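Let's take a walk through this fold, with an eye on its charged side chains and a couple of unusual backbone angles. Have the viewer open as you read.

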Amino acid sequence: MLSEQLLELVPGAAEVRGVQRLTGGASRETWSFDALIDGEWRPLVMRSGRSGRGSMTVEALAFDAAAGAGVPEPRIVARGDSFLVMERIEGETIARRILREEKFAALRPLLAEQCGEILARIHSIPREAIPDLEGGDPLTDTAAMIHSFEEPSPALELGLAWLERNRPEPERGVVLHGDFRLGNLIIGEEGVRAVLDWELVHRGDPCQDLGYLCVRAWRFGGEYPVGGFGTYEDLFRGSERISGREVDPARVRWWEVFGTVWWGGACMQQAWRHLSGSDRSVEL
């Protein structure tokens, strides 16, 4: 049983209770539980790889490195190649609630600037803190992903063509989160309490993370361009305050279009995992 496995994985755990599978996650599973450690019940979560989809060692390094750079993160209490056990941080992750509930009304106008600050801290992580991160050419890789399916998509082809015509000059390669958006952030009424889901961490242009947060899919029906809750100006101001570098709006716009096309290809890829029978999942 999972409870028995958790007793073995968590150092010093004498008892485990309340094991519950949490919703979400197309490539990872997340379980919530409490562990009795040194006479005290501690709220924890375990993230585990799904269907053998890659090591979590790099993800663990990213959590540690981000915390060291001032990014709000849960503390890891146990780790392995296929799992992470972390402290459980209370808060909201469901985008619809963050964008619509009254208790977050005062936060929403402040959130884009706060996200810009957090992203700048992520981009300040020393590259040696997470060694051997992949970089590569994201546009070439995305085109190859889309073309690997025998499924014509004129809209995505138009997007790829526009991206190729308007490709900016290469930028310095910094550590990127890769999936920074609502759903991967734990939010409290005062702001971001934790940044989660580092499985797409890689090296690249810092504007990639900024543009990705502005992709329409990640606005979840909200009226504003940044995550549905804020303006470009607020996002850029937060980033510039921490990084000391001016943000190029045109460059961010290119990455916003890229993120839209990439997500189209990623949806095809996730659907194929189910349709091919390799990873049966209603969610996929």
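Where does D197 lie? Look in the loop between strand 8 and strand 9, and there it is. Bear in mind as we go that this is a predicted model. D197 isn't a glycine, yet its phi is positive, at about 55°. Its relative accessibility is 17%, so D197 counts as buried, the cut-off being under 20%.

Stay in that loop, because E199 sits there too, between strand 8 (191-195) and strand 9 (202-204). The side chain of E199 meets that of R47 in a salt bridge, 3.3 Å from N to O. R47 belongs to strand 3 (residues 40-49), 152 residues away from E199, and the pair links these distant parts of the chain. The two ends sit in different settings: R47 is buried, with a relative accessible area of 6%, whereas E199 is partly exposed at 32%.

That pair has plenty of company, as a search of the whole structure turns up 22 salt bridges. Another one joins R251 and D205, with the closest N and O atoms 2.5 Å apart. Here R251 comes from helix 9 (residues 249-275), while D205 is in the loop between strand 9 and helix 7 (206-213), so 46 residues separate two distant parts of the chain that the pair links. Both R251 and D205 are buried.

R251 deserves a longer look. Its relative accessible area is 12%, which means that R251 falls under the 20% limit for a buried residue. What does the side chain of R251 reach at 2.3 Å? The backbone oxygen of E169. If you set aside neighbours within four places in sequence, R251 is in contact with P168, E169, P170, E171, D205 and C207.

Helix 9 also supplies E256, which takes part in a salt bridge with R219. The closest N and O atoms of R219 and E256 are 3.0 Å apart. R219 lies in the loop between helix 7 and helix 8 (232-243), so this pair ties together parts that are 37 residues apart in sequence. R219 is buried at 11% relative accessible area, and E256 is buried as well, at 4%.

Next to R219 in the numbering is F220, also found in the loop between helix 7 and helix 8. F220 brings back the theme we started with: its phi is near 50°, a positive value in a residue other than glycine. With a relative accessible area of 30%, F220 is partly exposed.

Now follow the chain on to helix 8 and see what it packs against. Helix 4 (residues 108-123) and helix 8 pack at an angle of about 35°, their axes 7 Å apart, and the crossing is right-handed. From helix 4, the residues involved are P109, A112, E113, C115, G116, E117, A120 and R121. Helix 8 answers with D234, L235, R237, G238, S239, R241, I242 and S243. Which kinds of residue make up this contact of helix 4 with helix 8? They divide into 6 nonpolar, 4 polar and 6 charged. Charged residues also make a network here: E113, E117, D234, R237 and R241 are joined into one by salt bridges that share partners. Each of those five names appears in the helix 4 and helix 8 contact too.

Conventions: Residues numbered from 1 in each chain as written. Predicted model: local features only at pLDDT ≥ 70, side-chain atom pairs only at ≥ 80, totals over all residues. Heavy atoms only, no water. Salt bridge = Lys/Arg side-chain N within 4 Å of Asp/Glu carboxyl O. Helix = DSSP H or I, 4+ residues; strand = E, 2+ residues; numbered from the N terminus. Buried < 20%, exposed > 50% of the residue type's maximum accessible area, 1.4 Å probe, protein only. Axes fitted to C-alpha atoms, helices over the stretch in contact; angles between N-to-C directions. Left-handed = near helix turned anticlockwise from the far one by under 90°. Contact = heavy atoms within 4.5 Å. Nonpolar A, V, L, I, M, F, W, Y, C, P; charged D, E, K, R; others polar. Polar contact = N/O pair within 3.5 Å; in protein donor to acceptor, adjacent residues only side chain to side chain.
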